[in-house]
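Please open the model in your viewer, with side chains available for display, and follow the stops below in order. Each stop says what to select and then what can be found there.

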Amino acid sequence: MWDPARAMEAVQIPAERADTQQKTHKLGSGEEDVCLSKPRAHGTANTMGGRAVRTASGVLRGSPQQQTTNRPEVVGEKKEHKAASLWDAYAGLLCHQSMILATNSSYVDPYIQFEIQLHLIEAAFKMVFSIPHLDEVRGLGTSAEDMVDLVSLYQNILNIYEDTLLILVAKDLYKLQILKEMAVWMHEDSSYLQERVMVIISRVLNFASRKVREYTSVDAPCLGVLAAELSLLCSHDDPSITCQASLGMYHLLCIAKCQNADIEKNKPTTWAERGSCCLLESSPDVDFLPKVLQRNKTKIAQNVGQTLLPSLLTDFVWSLLMKLSEPNYKTASEAASILNLTLENYAQKITMVSKIVDAIYKQLCENSFHNMKQALLRVITLLTCTSPKKVIFQLMDYPVPADNTLILMWQAAGSESSVAPHVLKTILLILKGKPGEMEENQIDRRRFSLDATNMMPVAASQALCTLLPVGSYKKAVAQFFPQLLVALMLQLFYSTELRLMPEARPLYAQDALRVLLNCSGLQNVDIALKKKNCWNQFSQALYHHHGVYLVAKTLSDYNFPQFPETLHYLYKISVEGPRRSEDSIITTIFLTELLNNFFRDPFPEEFLVLFRNWVNDSNPAVCKLSLQKLASMAPVINEIESACSLLIAILGAFVSKDKTVVIRALVTLRRLLGKLDKMTYSTLCTQIASSYCPLMDHSNGGIRSMAIRHFGELLRDMSQYMWMLSPVVLGALVPLILFLEDEEIRVVKACKYTLEICASQLKWSTSYFQKDKKFNFEMVVLNICNNLIISHESYITDLISDTLGFLGSSRTYLKRGALILIGYLATLGGHLLLRDEIEVMFEVIERVLRDEDPVIRELAEKTRSIFKEIAHGMTSSTIRQSFRRVIKFIYVKKLKPLYYYNWPKDEEDSPTDMKNGKEGCAEETEEGMISKEFNKI
């Protein structure tokens, strides 16, 4: 048999109970024990779910639901059973308390420790708060002494449970989480002694609020979720529960206030000061302070929003959000009301905005007829007002096309006109991305998209179709018209590429662009574009650039009022540079067409700078478009102040890897030079002529022929400045000669054309270049070399060096020509070569001797023999070599054919007679001349 006296002696109440345990709470009611609930109806069930309970004596009692009679012995037996259940609860509670406290003092992982204690606390909770009500307990005693003992036992059961919580909280404020769980358990089963649960919760919070004053720092991460539970209980139907909930909320806010660093320096010491710190209304009587929280949702939201830290307020909002899905409509409605009031003023403190938005989306998807649909959408609206970027980014991160739920959320996010500019800014930021673009690094870099590919821009385009027509967005749309126009043009280009993929997607960017035009008062432009079949052209990648041109042209034709802002924005992004190379072509087309329709050539200098920079853009299409526009300015080139810089920029395009860009640059330059005044032309002619030379050896035959011909035209234009151009002409002589053997007729013709101009400018004979029918490469070389020895002998070594470079070419005709030319040049200028130079030439010739082509090997053999003769002459005495050089300067020896390469049978053995520019021209041999000079000595 259980001994009550021994059990009572085992009860230990902490010293802290002296302050926390109060017999009465006079909160304006004037009643004793106002916190205790009214007595239950006689015969109310005392067991959990109708289960049978075992008394302390071990007798198994039946459930009260079983049929009974009103006989005195039956009633006495029921009383005995209920009294025994108190002793059972008391014994079980002591057992649980010992295990909880043992766990609390052990070195167990904090998380595991809390889980164990929470499980034991829950078991004790169901045991303690399933006992009869106090009034019913008083009726169980058969005498006054029995009644006193039973009431004392009842109070000690509750006190032990409360003391256990106080001990846990005194050691770790994190254990306040248990109070939140108690509120949840209480809500799950209304048969528990709910007002007694709230009394214990408020007392523990009271104890904790005084305890935190002793701490230098406060860590209570559960205050947010606990505040959410208490805020709902502050509007409970039972006044006693409302009273205790408001009192608990008051103490909770005091704890939360101590978590703010600003309050640590001036902690309140009195209850009145504490009430002021908690931002509650001040009152001379502290007992009345919590009353402002009773059934006053506005005050609850105000004080919670001001007091809780952002992380705690986020927990508070999240907990209320989860309550909106409660089956109990009253609870969900209360939660929605408090949630709305909190976010209206303190949404800027919420940290997990994306998570909240995602939770709302999931709730609405699961139940499209959600009772709290409007409340959930209102949360989206309020969060958008303070955190538009977070909300919009999350809304754009769902699969496309958007479903009806997502469209509703878009409408909610765009319902406030004050936030419209921020929403459009965020959407424009998303539209800078390229749909379908893979993330570069999904580990190291923060990602917006949940998918491996970025489809957010497509979702943003679809969202604009919903948001742009909204009346509250009219002002914001007008403000961001240029940005939206350009962004959608780019997205339309990207979407066209996406449609080439297996999965066809609708062109939301095109729909959004049309909506933008109609919302901006440009309905006529949309109609005109439809008549021009513009929108169909956008769907085809090949005609997309023409579609961009049509949009710009049609806008210009209708003198759209947004022109100044659009032009300014296009200029701005052109100066800053595009994010991608493909973006620049859209910008260039659009800007060029607008300028063509609103300005005459030449464009203002600010825009000419852009075209000058675009000449060397990484996108070949941009380069060609810019060069094309510059070419059209040829009639007004002399009116441009920066004409020289434009021409130099065009020269930079000569090195482009895209051959079409090089061809366009050659054509543009030639057209501009044809109109350029001679004074400016003369300052650049040398630099331009030098830029043509590398292109003479270009791999593309068209570029070779154009560069060679344009070089000749420049010499003809600048004939009076030949004294400046002579070095450049002689430097280009080798490729001009060698490419006479080119396989393409247009290159050969260009070489003949330019060589004739060179010869006439250098005062050489040009008669041979008219002999098209008897044209022979070696005879041309022979003729040119005979002219060189007379007028430009000093350049021979440089020409030899240039010719050696062509011996490494992969083209056969260049190797053959280079071997012939170098043989003649060496014969003419052998006396100018040094021994080291001869050795280098021998090495080069030796490599050519191993060529696969037999003609090349034969020519190389002949050339090597020429170098051997030159090297042999270097073995004579120094005096003899000096005389040889002197004689070379005094006497000019005519060259005769050396190779007879493709030599015509009816041609004479000697080349055309040249004019004797020096005296003493003779037919004597070199050795004979040297012997005569020695004899004179």
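## A walk through the model

Begin at the surface by selecting Val108, Tyr111, Ile112 and Ile116, which together make a nonpolar surface patch of about 370 Å². Bear in mind from the start that this is a predicted model. Within the patch, Tyr111 belongs to helix α4 (residues 110-128), and Tyr111 is exposed, with a relative accessible area of 59%.

Now zoom out and colour by secondary structure, which shows a protein with 44 helices and four strands. Of the 937 residues in the protein, 52% are buried, and the exposed surface comes to about 43200 Å², with carbon and sulfur atoms supplying 52% of it. If you display contacts with a separation of 6 or more, residues 24 or more positions apart account for 73% of them.

**Aromatic rings**

The structure holds 18 aromatic pairs. Select Phe603 and Phe611 for one of them, a tilted pair at 5.7 Å centre to centre with 45° between the planes. The angle is why the pair counts as tilted, since planes under 30 degrees apart would be stacked and those over 60 edge-to-face. Keep Phe611 and add Trp614, and you will see an edge-to-face pair, 5.1 Å centre to centre and with 75° between the planes. Phe611 and Trp614 both lie in helix α29 (residues 605-614), where they are three residues apart, about one turn of the helix. Are these rings buried or exposed? Phe603 is buried at a relative accessible area of 3%, Phe611 is buried at 0%, and Trp614 is likewise buried at 7%.

For another group of rings, select Phe125, Phe129, Tyr161 and Trp185, which ring pairs link into a cluster.

**Charges over rings**

Next, show Lys355 with Trp318, where the charged end of the lysine sits over the ring, 4.6 Å from its centre. Then move to Arg709, which lies over the face of Tyr753 at 4.8 Å from the ring centre.

**Salt bridges**

The count of salt bridges comes to 24. Select Lys297 and Glu334, whose closest N and O atoms are 3.1 Å apart in a salt bridge. This pair links distant parts of the chain, with Lys297 in helix α12 (residues 297-307) and Glu334 in helix α14 (residues 329-346), 37 residues apart. Lys297 is partly exposed, with a relative accessible area of 22%, whereas Glu334 counts as buried at 17% relative accessibility.

Continue to Lys553 and Asp557, whose side chains meet in a salt bridge at 3.0 Å, N to O. Because they are four residues apart in helix α26 (residues 544-557), Lys553 and Asp557 are separated by about one helical turn. Lys553 is partly exposed at a relative accessible area of 23%, and Asp557 also counts as partly exposed, at 40% relative accessibility.

What does the salt bridge between Arg816 and Asp853 tie together? The side chains of Arg816 and Asp853 meet at 3.1 Å, N to O; Arg816 lies in helix α40 (residues 812-829) and Asp853 in the loop between α41 (835-848) and α42 (854-873), so the pair ties together parts that are 37 residues apart in sequence. Asp853 counts as buried, at 18% relative accessibility.

For the last stop, select Asp237, Lys297, Lys330 and Glu334, which salt bridges that share partners join into one network.

How values were computed: Residues are numbered from 1 along each chain as its sequence is written. This is a predicted model: local features need pLDDT of at least 70, side-chain atom pairs count only at pLDDT 80 or more; totals for chains, interfaces and linings use all residues. Side-chain values use heavy atoms; hydrogens and water are left out. Rings of Phe, Tyr and Trp (its six-membered ring) pair if their centres lie within 6.5 Å; planes under 30 degrees apart count as stacked, over 60 as edge-to-face and the rest as tilted. Buried means under 20% relative accessible area, exposed over 50%, partly exposed in between (1.4 Å probe, protein chains only). Helices (H or I, at least four residues) and strands (E, at least two) are DSSP runs, numbered from the N terminus. A charge sits over a ring if NZ of Lys or CZ of Arg is within 6 Å of the ring centre and within 35 degrees of the ring normal. Patches are made of residues with over 30% relative accessible area and no salt bridge: like charges are joined within 9 Å, nonpolar side chains (Val, Leu, Ile, Met, Phe, Trp, Tyr) within 5 Å. Accessible areas come from the Shrake-Rupley method with a 1.4 Å probe; for residues, only the protein chains shown count as cover. A salt bridge is a side-chain nitrogen of Lys or Arg within 4 Å of a carboxyl oxygen of Asp or Glu. Contact means heavy atoms within 4.5 Å.
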